[in-house]
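Here are some comments on the model, set out as numbered points. Please read them with the structure open.

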Amino acid sequence: MRLYEEVERTTRTSEKTAALRRYFEEVEPADAAWALSVLTGKRLTRAVPRGRLRAWACAAAGIEEWLYRACYGAVGDQGETLALLLPSAEVMRERVGIKNDECGVMNDELVEESLTVVMEERVLPLGMLSESGQRRLMEDTWATYDGLARFVFHKLIGGAFRFGAAKKVVINALAAAAGVEPAVMQHRMSGRFEPTAEAFEALVSGDGADDPARPYPFYLAYQLDDPPERFEEVLGGAGGWQAEWKWDGIRAQVIRRESLANDNAAEAASPRTLVWTRGDELVTPAFPEIAAAAGLPVGTVLDGEILAWDDQQERPMSFARLQRRLNRKSAELMLFPEVPVVFMAYDILEHGGEDVRAWETVDRRFALEALLAGGGAAQSPLASAGVGGEVIRLSPLIEFGSWDELSAKRDESRERGVEGVMLKRKNAVYATGRKRGAWWKWKVDPYTVDCVMVYAQRGSGRRSSLFTDYTFAVWTGERSGEGELVPVTKAYSGLTDEEFAKVDRFIQKHTVGKRGSFRQVEPELVFEIAFEGIQESDRHKSGIALRFPRMHRWRTDKPASEADTLGFLEGLLRASEGR
C-alpha cells in the first residue's frame, strides 16, 4: 500500500523508479513476486460482479442505490467510490458482527497484511466462493482494511489494476535492484512469469535465464508522421533503408529448440516448437500448423506476423477471420480450411543457436533468406486435413530507389490488405522495446466516415463529470438522411477538453431518453470518425464493426441529414477484403 502511495503522489519517473527499486530490494520475495506480476499486467479476473459489490456496499453504508450512483457519477471509478462511501473498519465490525479476533485487528489496531496474504487469502479465493461466501469475505475485508488499503484491494478485484508507473518503469526498477541492464531483465521477463518466491529469486539472480521456452523481447517501431517531402531531412537518403509491408496480424515469435519437454502446452502440437505473441501469450495450441511446420533447424527464433491467408487472392484475410483462431486451447480441425494461417517471417533473432540480434539488419535479412530458401518455408504436415501451401513464408522486401517511389508503392497498401510500410535502417541492430530512429511504421491514412452521435455516457477518471463516451450511427437508406440511424461504433477520444465541454453542454440540454448510465440525445451532432479497419460483426445490429475508432473532428459544418450511410461502410468492407 505504501508503494502505491509513493508512486501515485509523484509525476517524476526517477522517483517512481527509486520507490519501486526500494520495494523490490526490501520486501520478501513472495510479496515482490506478486507485486511484479500485478504491476506488469497480470490479468486478474473480476471475481465479484459490479452489481453485487454495489448492493453489499450500499447495505454496509446504509444508503440507497440512487445515492451510490450519484456518487459514482461524480467519482467515475467504482473502487474509489466504494472506498469513500463505506464506513470505517471499526464501524463495519460492529455492523456485520465481526469480532476483532476474527479479522486483522490486534490491540485495537488494524494489522497490515502482506501482499501475499492479500492475494492468496482474499483476492484469489473470491472466484471460488458462493455468493454468500463472497459477501462474507468482502465484509471481513472491509472490517479489516481502511482508507488506501481498501481502495487498492478494490482495484485488485476489479479485473484491471491500473498503476501510476508503466510496465517499462517497473522492469527498469527491478533491473536496478538486480544490478543488470534493463534489456537483460526484459528478456528474463519475457514469456510466462508465475508469482512465486522461487520465480522472483530466479529473475534477480539470473538462474533459468537461458530457459529455452522464453521468447526474446520484441523490437517496436514508432509511427512516422512526417510527409514524404521531409523524409530526406528526417531520415536521410533512401539508400540507407530497407522497406517491407506492414502486415495486420498477430506479432509473434516462432521458437525452435532441442528440447521443450518442460512445457506441456507446447507438447500438444510439437515437442520442440513454441509460438509466443507480443503480449506474452503462448498460442502454440491455436496454431498447430505453424508449430508443426517442418524445415526449421533447432536453435532458430523467427520474428514475424501470424496472418489468416487467402492463397487465391494472394493477400491476408481480415483480422476478424484470424480472431476466430484465438482463445482456443486447441484449434479444431474444421477451422483449418476456412481460416488457414501463415507465419510471415521478417526477422531472425537466433540462428544456429546463436543470438544474432546484434547483427545489422541486412545481415539478419541475408541469414533469414538463406534459411527459408533452404526449406524453412515448408509445406504443412497437415495438408491432408485441407491445409495446403507454405506455412512459414518470407516477408518480401519493397524495391525502391527514392522516397517518392516508396510513397507510390505505399499507395498500394489497401489493395494488398496491409496497413502500410515498415522502414528499417540497414545498419540497425534488433533492439529491445520501442526505440526511436531505426524502425518506423508508415501507415496509410485511416478510413473516415461521417456519423451522427445518438448516445452518450459519462467518462472516467478526470472526465467522470462529463459525457465523453459517445455512440455513433449512420443512415440505413440508399442516400444520406433516408431510412433510420443505426449505431456502428463508439468513440471517446480525439476531441480537445474545450470541445468535450461543449458537447457535454449539448447533451445536458438535448437528452431525450435515459437507459441506465446512457443518455439518448437528439441526433443533431455530426463527427468524422477515423478508424484503422472494418469487419463484419454478428454482435452489432449494423453487421459491421470498426477497428480503433476515434473522433477525427467535429463536423459543425454538416447537418445530421448529410451523414454517411451503411451502404458506404459496406462498400469499404468489400474493398478491404478484396471483393
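1. A residue is called buried here when its relative accessible area is under 20%. The model is a predicted one. By that cut-off, the buried residues of helix 20 (residues 403–410) are Trp-403, Leu-406, Ser-407 and Arg-410. Viewed down the axis of helix 20, these buried residues fall within an arc of 105 degrees, so they line one face of the helix. The spacing fits a general rule: an α-helix has 3.6 residues a turn, so residues three or four places apart point the same way.

2. What covers that face? The cover over the buried residues of helix 20 includes helix 14 (231–235) and helix 21 (413–416), along with strand 5, strand 13 and strand 15 (439–443).

3. Strands 5, 13 and 15 belong to an open sheet of four strands, with the order 4-15-13-5 and mixed pairing. Strand 4 (222–223) and strand 5 (241–246) stand at the edges with a single partner strand each, so one side of each has no neighbour in the sheet. Strand 5 runs antiparallel to strand 13 (residues 420–425), and six bridges join the two. Within this pairing, Lys-246 has Gly-420 of strand 13 as its bridge partner.

4. Strand 19 (residues 511–515) deserves a separate comment. None of its five residues is buried, so strand 19 lies largely in the open. Strand 19 pairs with strand 20 (residues 518–521) in the antiparallel sense, over four bridges. Gly-513 stands opposite Gln-520 of strand 20.

5. How many cavities of 30 Å³ or more does the structure hold? There are two. The largest has a volume of about 330 Å³. Its lining is made up of 21 residues, and Asp-248, Gly-417, Glu-532, Gly-533 and Ser-576 lie nearest the centre. By class, the lining of the largest cavity has eight nonpolar, five polar and eight charged residues. Strand 9 (315–316) and strand 22 (533–536) each supply at least two residues of this lining, and strand 22 gives the most, with three.

6. The second largest cavity has a volume of about 40 Å³. Gln-242, Glu-244, Tyr-346, Asp-347, Thr-361, Arg-364, Arg-365 and Lys-424 line this cavity. The class count for this lining is one nonpolar, two polar and five charged residues. Strand 5, strand 10 (341–351) and helix 19 (361–376) each supply at least two of the lining residues. Helix 19 gives the most, with three residues.

Conventions:
Residues are numbered from 1 along each chain as its sequence is written. This is a predicted model: local features need pLDDT of at least 70, side-chain atom pairs count only at pLDDT 80 or more; totals for chains, interfaces and linings use all residues. Side-chain values use heavy atoms; hydrogens and water are left out. Buried means under 20% relative accessible area, exposed over 50%, partly exposed in between (1.4 Å probe, protein chains only). Two strands pair if DSSP finds at least two bridges between them. The arc is that of the directions from the helix axis to the C-beta atoms. Contact means heavy atoms within 4.5 Å. On a 1 Å grid over the protein atoms alone, a cavity is a set of points where a 1.4 Å probe fits but cannot get out, and a pocket is an open set with protein on both sides within 12 Å along at least five of seven lines; lining residues have an atom within 4 Å of a point. Grid points are joined across faces, edges and corners, and a volume is the space filled by probe spheres set on the points. Ala, Val, Leu, Ile, Met, Phe, Trp, Tyr, Cys and Pro count as nonpolar, Asp, Glu, Lys and Arg as charged, and the others, Gly among them, as polar.
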